[in-house]
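Here are my notes on this one, jotted down while going through the packing and the strand pairing. Have a look at the structure first, then see if you agree.

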Amino acid sequence: MRIKKVVAKDMQVALHMLRKELGSEAVIVSSRTVREPGILGWFRPAKVEVTAAVERVTEARLEPDDALRSELMEIKAMLGTMGAASIKASPKGVPPARWAERFRLADLSPEVMAILSEQLGTGDKTADEEKRVLERLAKCFSPYERPKGKRKRIQAFVGPTGVGKTTTIAKLAAQQALQEQKKVALITIDTFRIGAVEQLRIYGDIIGVPVAVVGAPSELTDALTEFKSKDAIFIDTTGRSARKPLHVSEMRAYFDGLSDLEKYLVLSSTTKSRDLLSIYKAYCELGLAATIFTKCDETESLGGIVDLCYRTSIPVAYLTNGQNVPEDIREAHPQELARLVLGVNV
Ligand SMILES: Nc1nc2c(ncn2[C@@H]2O[C@H](COP(=O)(O)OP(=O)(O)OP(=O)(O)O)[C@@H](O)[C@H]2O)c(=O)[nH]1
Ligand SMILES: [Mg+2]
């Protein structure tokens, strides 16, 4: 009797793998839904784990001995080189079909696809090819230099309405106040939307940190003085259409002259690539430290993030994937982002 367990994206793929391994006489012993391990495992859809057994494996499926195995490897390597020759003959920038499909699923821009395609077809095995593609993709993301040490941090969160600025602040503030025992304060320049101030106040009450509401640049300076003993100050802003330049110039009136202020552009990963770029253009004059991409749980593809980061070199500091405060937020790193974009296990 031979028993084999496989994990695959769906039942059909799992059955195909098992049939290949055990032959068509294999019977399913058990099946269950599983989640992949890893920091960003929660980003990936659930998989199926299927166990099958077969009474006797047919001769053709027996493991080859070592001599036969090395011969097979040689033949595989030769085939790989031959494949590479034909791939190289294809026009530059056009990926082979299998990769084209992966790139398409990730919604990558033609420009990024062309860069990644340069890593394909040099005759190495698939695993090496994937490694090179991931490394190149990781280079499309500028690393975010996370401030180290105990120095006090003042961070402002800007971005279009409804992307999740207040929720993201609540997540970070809760983590730092409750888990890291830091002295945290919240400030909001959120006087535009009815209820917005209230939202931050509620979070402040729950987390147990003070909240100041400011309505003019001088009041912001006063609030910062009031909170001068704090380790971390988060400044929330009201979203308004990024197309209204007044909004960004209003922010400048508040922020100019505050040299220690880190400004983060909060963007939704569900926003179209072109819109991400125009929003970035509207806000970049503020001098941005990094972006934060929210709502990763609401999209199937992250190509828009790659495109923005590649074109503008703005780093990604965090990704958020849900409404739960404080759990649904993770630090973003180029290698993990690359794996996430191409749907590779992390
Ligand atoms: N699915 C999902 N929803 C999120 C995420 N982050 C925030 N939200 C939800 O998005 C909605 C808007 O979030 P807010 O934090 O109020 O957005 P905002 O940017 O502060 O909005 P304004 O203050 O109006 O500019 C809320 O319902 C949040 O719960 C996320 O990562 N995933
Ligand atoms: Mg808000």
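1. This is a predicted model, so read everything below with that in mind. The largest nonpolar core takes in 73 residues, and Ala-173, Leu-186, Val-316 and Val-341 have the most contacts inside it. Helix α6 (residues 165–179) gives the largest share of this core, with 6 residues. Two domains feed into this core with at least three residues each: domain 2 (66–139) and domain 3 (153–342).

2. Which residues does Ala-173 touch, once its neighbours within four places in sequence are left aside? Val-184, Leu-186, Ile-207, Val-209 and Phe-234 are the ones in contact with Ala-173. Leu-186 is also among the residues with the most contacts inside the largest core.

3. Don't overlook the second core, which is separate and has 7 residues. Leu-22, Val-50, Ala-52 and Val-54 are included in this second core.

4. Now for strand β8 (residues 261–268). Because 7 of its 8 residues are buried, β8 is largely enclosed by the rest of the structure.

5. What does β8 pair with? Strand β4 (residues 153–158) runs parallel to β8, with 5 bridges between them; here Ile-154 has Leu-261 of β8 as its bridge partner. Strand β9 (residues 290–294) also pairs with β8 in the parallel sense, again over 5 bridges, and Val-266 is bridged to Ile-292 in β9.

6. Last one, on connectivity: β8, helix α10 (residues 273–283) and β9 form a β-α-β unit, and that unit is right-handed.

Definitions and conventions
Residues are numbered from 1 along each chain as its sequence is written. Chains are lettered from A and ligands numbered from 1 in the order in which they are written. This is a predicted model: local features need pLDDT of at least 70, side-chain atom pairs count only at pLDDT 80 or more; totals for chains, interfaces and linings use all residues. A nonpolar core is a set of buried Ala, Val, Leu, Ile, Met, Phe, Trp, Tyr and Cys residues joined through C-beta atoms within 7 Å. A residue is buried if 20 or more other C-beta atoms lie within 10 Å of its own, exposed if 12 or fewer, and partly exposed in between; C-beta atoms are placed from the backbone. Helices (H or I, at least four residues) and strands (E, at least two) are DSSP runs, numbered from the N terminus. Domain bounds come from an automatic or database domain assignment. Two residues are in contact if their C-beta atoms, placed from the backbone, lie within 7 Å. Two strands pair if DSSP finds at least two bridges between them. A crossover is right-handed if, with the strands pointing away from the viewer, the path from the first strand over the helix to the second runs clockwise.
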